[in-house]
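Morning, everyone. I'll take the ligand site and then a salt bridge. Have a look at the structure.

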Amino acid sequence: MSLTLTVDGERWRTHLRALTERTPGLVPVAKGNGYGFGLGRLARKTQWLRDQGLGADTLAVGTYHELAEVASRFTGDLLVLTPWRPFGAALDVDPALAGRVIHTVSRPEDLAALLTHDPGARYVLELVTSMLRHGMTPRGLRSLGGLTDRGRLEGVALHLPLAQGSHLSQVQRLLTDVVAAGLPTRTIWVSHLTPEELERLRASYADFEIRPRIGTDLWLGDRQALTVTATVLDVHAVERGDVFGYRSRTAPKSGHLLVVSGGTAHGIGLEAPTGDQSLKSRAATLARGGLDAVGFVRSPYSIDGKQRLFAEPPHMQASMLFLPSGARVPSVGDEIEVRVRYTATTFDRVVVA
Ligand SMILES: *Cc1c(COP(=O)(O)O)cnc(C)c1O
């Protein structure tokens with residue numbers, strides 16, 4: 001009855017271990033929907049890596065709100081990726097956790113405010129990159145003066161865009177700024193560098209400790225270990241002209257309507273995240289008198305390896321698919337495959353098999 005993520009546990013764990021082993025200083029990232037697995041499970045898995053002596057001494061979360069969900073399942077340090085601000089949830093950190101939390105400070109004025117709020121605060125200084133999301137400029141960094149001798153400076157953080165060519169020249173420029181600012185740290189927290197880039201960075205900055213923050217490539221790095229399925233909840237035979245759905249549409253030809261689990265509340269969107277959406281392929285479909293010519297849209301559900309069309313936009317917890325006659329009709333209770341964006345999907349069940 002559910003949208004289910006099934007994990008091949010042995011294969012997943014092998015991948016987690018292997019990536020952690022070949023990535024010194026790795027900082028697992030658990031944020032948002034926990035990359036589909038849930039934050040609690042990722043915190044437990046990070047603890048599991050740590051217990052095997054593989055490092056993983058720090059877990060990164062996205063927001064202050066997420067701390068509570070991981071803090072009881074992982075015993076190490078907790079890096080908060082959203083920059084500290086002198087308002088909101090950043091001011092309400094549970095005092096019992098304060099010693100484990102590492103704040104991200106992205107504006108010079110926030111460092112003074114953080115240290116006033118918590119004189120012993122642990123923090124990293126974020127530098128602005130070509131992402132232009134958060135971070136200090138080199139001038140902002142130099143303006144900090146003696147402030148960085150207070151509290152516990154744990155390093156400098158760089159958030160790089162997803163790889164488009166090499167990031168190395170940008171990182172080298174930023175590290176030059178770090179050295180020029182005379183900061184009393186040699187730890188650099190980075191994102192989105194390839195293994196080769198990390199290798200080269202370590203070689204050219206041997207006196208720096210590099211801490212790669214990785215979410216997607218860690219948790220979702222072996223897609224073969226993951227299967228997403230939905231349950232067929234109902235099957236209705238229809239003839240051309242039969243009325244169905246919230247909008248009382250009519251079936252364009254005979255076939256079957258399938259009601260399957262998964263809807264907008266799960267993050268099931270109107271179109272599949274990938275697939276051939278080129279003009280050429282659409283034109284070809286139109287020429288064949290394909291069903292998207294009558295307004296049916298491609299769904300992320302597939303049956304017997306073929307991607308199927310929505311009969312109408314997804315409902316809140318179920319979706320209606322149209323199966324033209326000729327195709328094999330699954331039975332109520334069957335599982336069919338779904339392609340989803342893991343970071344945007346709420347599963348009813350996660351089964352680690
Ligand atoms: C989400 C995030 C990461 C991890 O990104 P992935 O692409 O999932 O590996 C690293 N650093 C920051 C600041 C982030 O917000």
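Let's begin with the shell around the ligand: by class, four residues are nonpolar, five are polar and three are charged. Keep in mind that this is a predicted model.

Who is in that shell? Going along the chain, we have Val-29, Lys-31, Tyr-35, Leu-81, Arg-133 and His-159. Then come Ser-191, His-192, Arg-213, Ile-214, Gly-215 and Thr-216.

Now the polar contacts. Which ligand atom does Lys-31 approach with a polar side-chain atom? An oxygen, at 2.7 Å. Tyr-35 also has a ligand oxygen by its side chain, with 2.6 Å between that oxygen and a side-chain N or O atom. For His-159 the ligand partner is a nitrogen, and the distance from a side-chain N or O atom is 3.5 Å.

How much of the ligand does the protein bury? On its own, the ligand exposes 390 Å², and 89% of that is buried by the protein. As for the location, the ligand takes up the space of the largest pocket.

On to salt bridges. Side chains of opposite charge can pair when their charged atoms come close. The count here is 12. Let me pick out one of them: Asp-77 with Arg-122, at 2.8 Å from N to O. Where do these two sit? Asp-77 is in strand S4, residues 77-80. Arg-122 is in strand S6, residues 122-127. The partners are 45 residues apart in sequence, so this salt bridge ties together separate parts of the chain.

That's my part. Questions, please.

Definitions and conventions:
Residues are numbered from 1 along each chain as its sequence is written. This is a predicted model: local features need pLDDT of at least 70, side-chain atom pairs count only at pLDDT 80 or more; totals for chains, interfaces and linings use all residues. Side-chain values use heavy atoms; hydrogens and water are left out. A residue is near a molecule or strand if one of its heavy atoms lies within 4 Å of it. A polar contact is a pair of N or O atoms within 3.5 Å; within protein, one must be able to donate a hydrogen and the other to accept it, and residues adjacent in sequence count only if both atoms are side-chain atoms. Accessible areas come from the Shrake-Rupley method with a 1.4 Å probe; for residues, only the protein chains shown count as cover. On a 1 Å grid over the protein atoms alone, a cavity is a set of points where a 1.4 Å probe fits but cannot get out, and a pocket is an open set with protein on both sides within 12 Å along at least five of seven lines; lining residues have an atom within 4 Å of a point. A molecule sits in a cavity or pocket if more than half of its atoms lie within 2 Å of its grid points. Ala, Val, Leu, Ile, Met, Phe, Trp, Tyr, Cys and Pro count as nonpolar, Asp, Glu, Lys and Arg as charged, and the others, Gly among them, as polar. A salt bridge is a side-chain nitrogen of Lys or Arg within 4 Å of a carboxyl oxygen of Asp or Glu. Helices (H or I, at least four residues) and strands (E, at least two) are DSSP runs, numbered from the N terminus.
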